[in-house]
Amino acid sequence: IAAYGRMWVTGVGGDYQTIHYSDLLIANQWYDGKATPTTSQNTGGVIDVSQYWPNGRDRIVAIKAHNNMLVVFGRNSILLYGNPQGDPAAIGGIFLQDTVEGIGLITRDAITATGNDLLFVDDTGVRSLGRSIQEQSVAIGDLTSNVRGDVAYFILQTQDLRTITLNYWPQEGLTILNFTENKKAFVMDMKKPSQTGGLR
């Protein structure tokens, strides 16, 4: 992702426990944490998240910028880093602000921004990052609770999770969960929840 004046990437050499971030406004200048930087002004660096997963073990699936935070989605948990602006390695730089345990992102493209929230797909359905952080409850953040069984069924039936995508259509106030492998889609009305708390 490009955010806060830097590139933030993971998966380098198959390593999904480390985030590499580029120098400020210099997207092709990096620092691997091992060699001497080619320039003393290089503020690129690395963040090792392996010791901070709340359930002890996970892997990075996606990185997003939201609400002045760097949100690191694992497969089974979420890390939220505060103060990602400026030099992350400086005193008072980036820090682990919060964690969410028990829910994560099933695949990189199963996430979408709605402007004031991030919606993402976990193993049971579509969730709101804002509600999950606020309530610290797996059940309350479930926006597809009305069709939980159907959504969970199609997730289980999908052989390649990378074919599952989530998209937001702001002009119509709709979010679309696509199961392209199964030729199915769930369309959710973002304007008004149903009486059960899930989306229509």
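Let's start inside the protein, with Ser77. Its relative accessibility is 0%, so Ser77 counts as buried. Keep in mind that this is a predicted model. Ser77 is found in strand 7, which runs over residues 77-82.

What does Ser77 touch, once residues up to four places away in sequence are set aside? Trp53, Pro54, Asn55 and Asp58 are among its partners. Val72 is another. Further along the chain come Val100, Glu101, Ile103 and Gly104. One distance to go with that: Ser77 and Ile63 are 14 residues apart along the chain, and their C-alpha atoms are separated by 13 Å.

Now step back to the whole chain. How many helices and strands does it have? There are 2 helices and 14 strands. The C-alpha trace spans about 55 × 35 × 30 Å along its principal axes. The radius of gyration is 18 Å, and a compact globule of 200 residues would come near 16 Å, so the two agree.

Next, burial and surface. Of the 200 residues, 43% count as buried. The accessible surface comes to about 10500 Å². Carbon and sulfur atoms hold 50% of that surface.

Contacts, briefly. Take those between residues at least 6 apart in sequence. Of these, 43% join residues at least 24 apart.

And charges. The chain carries 16 positive and 19 negative charges. Their mean positions lie 6 Å apart.

On to helix 2, residues 148-157. Which of its residues are buried? Val151, Ala152, Phe154 and Ile155 are. They cover an arc of only 165° around the axis, so they sit on the same side of helix 2. There is a general reason to expect such patterns. An α-helix has 3.6 residues a turn, so residues three or four places apart point the same way. Turn to the other side of helix 2, and Gly149 and Leu156 are exposed.

What do the buried residues of helix 2 pack against? Four strands: strand 10 (118-121), strand 12 (164-169), strand 13 (174-179) and strand 14 (184-189).

Just ahead of that helix, look at Thr144. Thr144 lies in the loop between helix 1 (129-135) and helix 2. Is Thr144 buried or exposed? Its relative accessible area is 3%, under the 20% cut-off, so Thr144 is buried. Leaving aside neighbours within four places in sequence, Thr144 is in contact with Thr124, Gly125 and Val126, and also with Val151 and Met188. Val151 is one of the buried residues of helix 2. Thr144 and Val121 are 23 residues apart in sequence, and 9.8 Å apart in space, C-alpha to C-alpha.

Strand 13 deserves a stop. Thr175 lies there. At 0% relative accessibility, Thr175 is buried. Its contacts, not counting residues up to four places away in sequence, include Thr112 and Leu119. Leu166, Asn167 and Tyr168 also touch Thr175. So do Phe186, Val187, Met188 and Met190. Met188 appeared a moment ago as a contact of Thr144. From Thr175 to Asp189 is 14 residues in sequence and 6.7 Å in space, C-alpha to C-alpha.

Now Trp169, in strand 12. Trp169 is partly exposed, with a relative accessible area of 42%. Beyond its neighbours within four places in sequence, Trp169 is in contact with Leu174 and Ile176. How far is Trp169 from Val46, C-alpha to C-alpha? The answer is 35 Å, with their places 123 residues apart along the chain.

Last topic: backbone angles. Most residues other than glycine have a negative phi. Two residues here go the other way.

Asn67 is one. Its phi is near 55°, a positive value, and Asn67 is not a glycine. Where is Asn67? In the loop between strand 5 (60-66) and strand 6 (69-74). With 60% relative accessibility, Asn67 counts as exposed.

Lys183 is the other. Its phi is positive too, about 55°, and Lys183 is no glycine either. Lys183 lies in the loop between strand 13 and strand 14. Its relative accessible area is 74%, so Lys183 is exposed.

To close, go back to two places on the model. Ser77 in strand 7 is buried. Lys183, in its loop between strands 13 and 14, is exposed.

Terms used. Residues numbered from 1 in each chain as written. Predicted model: local features only at pLDDT ≥ 70, side-chain atom pairs only at ≥ 80, totals over all residues. Heavy atoms only, no water. Rg over C-alpha atoms; globule rule 2.2 N^0.38 Å. Buried < 20%, exposed > 50% of the residue type's maximum accessible area, 1.4 Å probe, protein only. Contact = heavy atoms within 4.5 Å. Areas by Shrake-Rupley, 256 points an atom, 1.4 Å probe, with all protein chains shown as cover. Lys, Arg positive; Asp, Glu negative; His and termini not counted. Charge placed at Lys NZ, Arg CZ, Asp CG, Glu CD. Arc of directions from axis to C-beta.
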